[in-house]
Amino acid sequence: MTKLYLVRHGETVDNAAQIMQGQTPGKLNAKGIEQAGEVARKMVNEPIDAFVSSDLYRSIQTCKIIARPHIEALSLTGNLTDEELDAHIVTTPLLRERDWGDFTGKFIPSLPKDPKDWPDNIETLERMKSRAQNFLTWLKVAYPDKTILAVGHGIINKAIQSVYFKRPMNQIEKMANAEVRVLIL
C-alpha cells in the first residue's frame with residue numbers, strides 16, 4: 001500500500017488578502033512560512049520516501065520547507081542549496097489548484113456565489129476530479145508501497161479526497177493552510 005500525506009500549502013499573501021489565486025504562482029507570507037515550518041517539525045521523524053508538489057510556487061515553497069530536514073538528514077554535507085533540494089522534489093501539474101478563469105486575481109468576497117453566474121472559463125469539478133483520479137493512479141504506479149508527502153491546494157486536495165472517499169466534494173471538509181491529511185492508497 002502507498003501512504004499519502006496530503007498537505008495544503010501554507011498561507012499566502014493572496015490568501016490573507018482574499019484574492020482568488022487559481023493557477024497563479026502565489027508566495028507564502030510570514031505566517032505561511034511558519035505554518036510550513038511547523039509541519040516540517042511535526043513530520044521530521046516520519047519516514048517519507050518521496051516529496052511531490054504542485055508545480056505552482058506556493059506549493060513548491062511549502063514542500064521545500066517540509067522536505068529540507070528529511071533530505072538534509074540523508075545528505076553527506078547536511079546543508080543543501082535550494083538547487084540540491086529541488087532535485088528531491090517532484091512537481092506535477094496534476095496537483096495545480098482549480099483554474100478560476102476570469103475570477104483569477106479578483107477579490108473573493110466580491111465574486112458571485114451562485115455557479116450559474118460564473119464565467120464559462122472556470123475549470124469544472126468533473127475536470128478537477130479527473131485530474132485527482134489521475135494523480136492518485138500515478139502515485140500508486142510510480143510509488144508502490146512507499147510513503148509520499150504531496151503538497152497541493154485547497155480545492156484540488158478536496159477533489160482528491162472526493163475521489164478517494166467516493167463522496168461529493170461538498171461533503172469533504174475544507175483543509176486549512178498547512179493542514180495534513182493521511183490517505184492509504
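These legends describe close-up views of a predicted model.

**View 1. The open sheet and its strand order.**
Five strands form an open sheet in the order β3-β2-β4-β1-β5, and the pairing is mixed. The edges are β3 (89-92) and β5 (180-184). Each edge strand has a single partner, so one side of each is left without a neighbour in the sheet. From one strand to the next, the twist averages 25°.

**View 2. Edge strand β5 and its partner β1.**
Strand β1 (residues 3-8) and β5 run antiparallel, joined by five bridges. V7 stands opposite V180 of β5. The two faces of β5 differ in cover: R181 and L183 belong to the covered face. V180, V182 and I184 make up the uncovered face. V180 therefore appears twice in this view, opposite V7 and on the uncovered face of β5.

**View 3. Helix α3 across the sheet.**
Helix α3 (residues 57-74) lies across four strands: β1, β2 (50-54), β3 and β4 (147-152). The helix runs at about 170° to β2.

**View 4. The crossing of helices α5 and α6.**
Two packed helices are described by the angle between their axes and the distance between the axes. Here the axes of α5 (residues 125-142) and α6 (residues 154-165) come within 8 Å. They cross at roughly 70°. An angle of 65 to 115 degrees counts as roughly perpendicular, and α5 and α6 are therefore roughly perpendicular to each other. On the α5 side, the contact is made by M128, K129, R131, A132, Q133, F135 and L136. On the α6 side, it is made by I155, I156, A159, I160, S162, V163 and Y164. Ten of the residues in this contact are nonpolar, two are polar and two are charged.

**View 5. R131, a buried arginine of helix α5.**
R131 lies in helix α5 and is part of the contact with α6. Is R131 buried or exposed? Its relative accessible area is 5%, so R131 is buried. The R131 side chain reaches the backbone oxygen of P93 at 3.4 Å. Residues up to four places away in sequence aside, R131 touches Q23, P93, L94, L95, R96, E97, R98, E123 and I156. One of these, I156, is also named on the α6 side of the helix contact.

**View 6. W138, another residue of helix α5.**
W138 lies in helix α5. W138 is partly exposed, with a relative accessible area of 27%. Not counting residues up to four places away in sequence, W138 touches V52, V90, T92 and Y143. V52 falls within β2 (50-54), and V90 and T92 fall within β3 (89-92). W138 and L94 are 44 residues apart in sequence. In space, their C-alpha atoms are 9.6 Å apart.

**View 7. E11 in the loop after β1.**
E11 lies in the loop between β1 and α1 (13-16). With 14% relative accessibility, E11 counts as buried. Which side chain joins that of E11 in a polar contact of 2.7 Å? The partner is N29. N29 is also among the residues in contact with E11 once neighbours within four places in sequence are left aside. The others are A16, L28, K31, G32, Q35 and N177. E11 and Q23 are twelve residues apart along the chain, and their C-alpha atoms are separated by 15 Å.

**View 8. Two loop residues with positive phi.**
D145 lies in the loop between α5 and β4. Its phi is near 60°, a positive value in a residue other than glycine. D145 counts as exposed, at 58% relative accessibility. A178 lies in the loop between α6 and β5. Phi of A178 is near 65°, again positive in a residue other than glycine. Is A178 buried or exposed? At 11% relative accessibility, A178 counts as buried.

How values were computed: Residues are numbered from 1 along each chain as its sequence is written. This is a predicted model: local features need pLDDT of at least 70, side-chain atom pairs count only at pLDDT 80 or more; totals for chains, interfaces and linings use all residues. Side-chain values use heavy atoms; hydrogens and water are left out. Axes are lines fitted to C-alpha atoms, for helices over the stretch in contact, and angles run from 0 to 180 degrees between N-to-C directions. Angles under 35 degrees count as roughly parallel, over 145 as roughly antiparallel, 65 to 115 as roughly perpendicular and the rest as oblique. Contact means heavy atoms within 4.5 Å. Ala, Val, Leu, Ile, Met, Phe, Trp, Tyr, Cys and Pro count as nonpolar, Asp, Glu, Lys and Arg as charged, and the others, Gly among them, as polar. Buried means under 20% relative accessible area, exposed over 50%, partly exposed in between (1.4 Å probe, protein chains only). A polar contact is a pair of N or O atoms within 3.5 Å; within protein, one must be able to donate a hydrogen and the other to accept it, and residues adjacent in sequence count only if both atoms are side-chain atoms. Two strands pair if DSSP finds at least two bridges between them.
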